[in-house]
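Biologist: I am new to this structure and would love a close look at one part of it. Could you start with a pair of helices and then show me what surrounds them?

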Amino acid sequence: MKLKTWFQLGLGLIGWSLLCAMIFVVVGFIGEGFELLGPLSCLPMYILFCAAIFAVLMSMTTYLSYLPLYLSLGSTRKETWLGLHLMQLVLAAGCTAIAALLCLILPGDPPRDLISLLPAALLAILAFAKLGSAAGCIALLFPKVGRALSVVLCMVFSGAAGFVGASATMSFPDSFRLSLPGRATLIVGAVLAALLLVELLFQRRALPRYEVRL
Amino acid sequence: MSELVCKGITKRYKDKEALRDVNLTLESGKIYGLIGRNGAGKTTLLSILTAQNPATAGTVTLDGEPVWENRHALDQLCFSRELNIAGNSGVAGIKIKEYLKAASLYYPKWDQNLADRLIKAFKIEPKKAMGKVNKGMLSAVTITVALASKAAFTFLDEPVAGLDVIAREFFYKTLVEEYTETGRTFVISTHIIEEAAAVFEEVIILKDGALICMENTEALLERAVRVNGLAADVDAVTAGLACHHSEQIGRSKTVTVLPREGETLPDSRDVTVQPVSLQQLFVALCGEEGMG
């Protein structure tokens with residue numbers, strides 16, 4: 001099994017997620033009149049959000065770039081399949097672990113509140129990754145639909161980025177906050193399972209017959 | 001001695017049969033030339049031989065083991081594809097150094113020293129994205145991956161496309177050096193036949209998806225001749241022989257003949273018999289009336 005390249009891709013994505021999260025902090029720092037504590041306390045959440053963005057976009061583009069590339073270099077289809085899942089897992093687990101560590105270190109309410117939501121966040125990143133994979137598979141099978149889908153996903157995530165930036169410091173009622181972790185984990189877990197099923201169905205159809213073209 | 005064997009390979013697309021019942025055996029320690037017109041099925045064949053694309057029917061085995069999804073077999077194969085990267089290709093944004101790095105991780109016998117030497121010699125710019133460099137540099141990257149992979153069976157698809165004559169000379173020289181030192185097997189698909197003919201130990205000719213010839217280059221060229229003279233004399237001398245590509249100007253006629261095993265050209269003082277080059281033979285075998 002040759003999965004090193006996929007592992008490295010996952011590590012690279014963690015790096016990009018951290019970098020983008022830092023950009024959110026810097027924007028917040030400037031937006032809040034050069035007050036650092038507020039934006040910094042949101043850093044774990046920004047990391048998780050950026051990981052979700054990279055999970056969906058990278059999983060989708062993997063089908064169009066890394067899949068043909070690695071197959072052309074002698075990878076098996078099984079390796080690319082496993083490698084893709086490994087990359088997604090490394091990204092999700094790595095970013096969640098870093099976010100957890102930061103939640104313990106950083107002061108303020110947002111990090112403390114986020115700790116109980118981390119399992120759900122991990123599942124959510126994986127769910128976004130599966131969404132990207134499903135979109136990538138669709139792009140392989142139906143290129144025009146895939147292109148349209150990638151535009152839609154980019155628009156959705158651009159909007160989401162703005163929302164996260166604006167709502168990071170919003171406070172929610174205690175009753176909502178306390179009941180959220182359990183519900184969120186269940187809901188996100190169910191969504192992940194459904195998306196995983198969709199991804200596997202598409203992969204089963206697309207991968208064996210995939211024709212390498214560079 | 002390793003053998004890569006393909007049996008009954010057929011590849012069908014929706015409305016086209018790209019390969020038709022291709023059977024061939026590639027032995028280790030040889031340089032094969034794969035030639036055919038555009039669309040003859042060369043790239044499709046190489047893709048199937050290296051398990052990059054699935055065949056509709058038939059099997060490919062390396063020393064008896066199927067190559068499809070077989071890590072052990074794939075470790076001994078390298079198909080350095082021709083990189084035709086359009087602006088919207090998914091690979092266009094990937095940097096050359098990233099491509100070479102991935103290659104170094106996938107090929108177990110990767111020779112980084114050789115790769116560095118070729119990068120320097122071809123003046124490859126590793127920091128550039130694949131979609132941002134010219135055709136010549138993409139060919140140089142293809143060659144670098146193929147040679148540095150050190151794979152026992154190495155396949156190159158149009159390796160010299162876009163390279164200038166000096167770079168092409170360097171490629172052939174390096175290829176022969178590598179072949180002499182290691183005894184690796186190379187299969188080179190090319191349209192620049194005249195230039196590459198000297199390095200081909202065996203030649204494989206594909207026409208419309210079918211294998212029409214696989215033979216030792218020297219033996220093939222010894223058999224093939226061009227017969228020229230008055231049409232009636234040429235017809236008399238070549239009667240019953242496998243004739244290809246006849247040209248007639250006035251009463252004069254030229255025919256390329258490739259006698260089958262056991263057949264010989266009868267002696268005649270009325271016609272001129274000349275040897276043919278591989279390119280002339282290829283044109284005779286694969287050219288179509290009106291284009292030859």
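Biologist: Are H3(A) and H5(A) roughly parallel or roughly antiparallel to each other?

Modeller: Happy to help! This is a predicted model, in which local features need pLDDT of at least 70 and side-chain atom pairs count only at pLDDT 80 or more, while totals for chains, interfaces and linings use all residues. Residues are numbered from 1 along each chain as its sequence is written, and chains are lettered from A and ligands numbered from 1 in the order in which they are written.

Your pair is helix H3 (residues 43–64) and helix H5 (residues 77–105) of chain A, whose axes come within 9 Å and cross at roughly 175°. H3(A) and H5(A) are therefore roughly antiparallel to each other (under 35 degrees is roughly parallel, over 145 roughly antiparallel, 65 to 115 roughly perpendicular, the rest oblique). Axes are lines fitted to C-alpha atoms, for helices over the stretch in contact, with angles from 0 to 180 degrees between N-to-C directions. Helices (H or I, at least four residues) and strands (E, at least two) are DSSP runs, numbered from the N terminus.

On the H3(A) side, the residues that meet H5(A) include Leu43(A), Ile47(A), Ala51(A) and Phe54(A). Among their counterparts in H5(A) are Leu84(A), Leu91(A), Cys95(A) and Leu102(A). Here, contact means C-beta atoms, placed from the backbone, within 7 Å. By class, this contact has 15 nonpolar, four polar and no charged residues (nonpolar: Ala, Val, Leu, Ile, Met, Phe, Trp, Tyr, Cys and Pro; charged: Asp, Glu, Lys and Arg; polar: the others, Gly among them).

Now step out to the partner chain. The contact between the chains takes 22 residues from chain A and 24 residues from chain B. On chain B, helix H2 (71–74), strand E6 (77–80) and helix H3 (96–106) each give two or more residues to that side, and H3(B) provides the largest share, five residues. The chain B side has 14 nonpolar, seven polar and three charged residues.

Further along chain B there is an open sheet of four strands, antiparallel in its pairing and ordered E12-E13-E11-E14 (strands pair if DSSP finds at least two bridges between them). Strand E12 (243–249) and strand E14 (271–275) of chain B each have a single partner strand, so one side of each is left without a neighbour in the sheet. Neighbouring strands are turned by 20° against each other on average, direction ignored. Helix H9 (residues 231–238) of chain B packs on this sheet and makes about 140° with the direction of E11(B), while helix H10 (residues 278–286) of chain B lies across E12 and E13 of chain B, at about 95° to E12(B).

Conventions: Two residues are in contact if their C-beta atoms, placed from the backbone, lie within 7 Å.
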